[in-house]
Amino acid sequence: MSDKKKGLEKEIGELFPGVAKRNCAQHIYCNFKKEHMGQLMRDKFWAIARSTNKQELKKAMSDMKDTSDSAHTWLLEHAGPKKQWVRA
């Protein structure tokens, strides 16, 4: 289901206050790969999404930036807060 940013997220937040929400990494990846294709970018993305602590996340983000600054910037701008789609 998609509300295309028409308010569903806000309404759910009001109905269930204090409940943690998460963004789907698979959906983020589907948008990410439109601009950043290839196996290497896929592997770097999923390394970030699967990070389980802050040190792993920092290293994975650094690896992504070293590989492609534009991909790193895209994630920061379009993926939303890391705490909503990254395990760490």
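In the predicted model, Phe45 has a relative accessibility of 0% and therefore counts as buried, the cut-off being under 20%. Tyr29 is likewise buried. The rings of these two residues form a pair, with centres 5.2 Å apart and planes at 45 degrees; the pair is classed as tilted because this angle lies between the limits of 30 degrees for stacked and 60 degrees for edge-to-face rings. The pair links distant parts of the chain, since Tyr29 belongs to helix α2 and Phe45 to helix α3, with their positions 16 residues apart in sequence.

Phe45 also pairs with Trp46. Here the ring centres are 5.1 Å apart and the planes meet at 85 degrees, an edge-to-face arrangement. Trp46 has a relative accessibility of 15% and so falls within the buried class, which ends at 20%. Ring pairs join Phe45 and Trp46 with Tyr29, Phe32 and Trp74 into a cluster. The count of aromatic pairs comes to 6.

Trp74, a member of this cluster, is also in contact with His36. His36 lies in the loop between α2 (residues 25–35) and α3 (residues 39–49). With a relative accessible area of 8%, His36 is buried, because the value is under 20%. Leaving aside residues up to four places away in sequence, His36 touches Met41, Ser68, Ser70 and Ala71 in addition to Trp74.

The helices named above are part of a protein chain with 5 helices and 0 strands, in the order α-α-α-α-α along the sequence. The C-alpha trace of the chain spans about 40 × 30 × 15 Å along its principal axes. Of the contacts with a sequence separation of 6 or more, 57% are between residues 24 or more positions apart.

Of the 88 residues in the chain, 28% are buried; Tyr29 and Phe45 are among the buried residues. The accessible surface of the chain amounts to about 6,600 Å², and carbon and sulfur atoms contribute 54% of this area. The chain carries 18 positive and 11 negative side chains. The centres of the two charge sets are 3 Å apart.

Methods: Residues are numbered from 1 along each chain as its sequence is written. This is a predicted model: local features need pLDDT of at least 70, side-chain atom pairs count only at pLDDT 80 or more; totals for chains, interfaces and linings use all residues. Side-chain values use heavy atoms; hydrogens and water are left out. Helices (H or I, at least four residues) and strands (E, at least two) are DSSP runs, numbered from the N terminus. Buried means under 20% relative accessible area, exposed over 50%, partly exposed in between (1.4 Å probe, protein chains only). Contact means heavy atoms within 4.5 Å. Accessible areas come from the Shrake-Rupley method with a 1.4 Å probe; for residues, only the protein chains shown count as cover. Lys and Arg count as positive and Asp and Glu as negative; His and the chain ends are not counted. The place of a charge is taken as NZ of Lys, CZ of Arg, CG of Asp or CD of Glu. Rings of Phe, Tyr and Trp (its six-membered ring) pair if their centres lie within 6.5 Å; planes under 30 degrees apart count as stacked, over 60 as edge-to-face and the rest as tilted.
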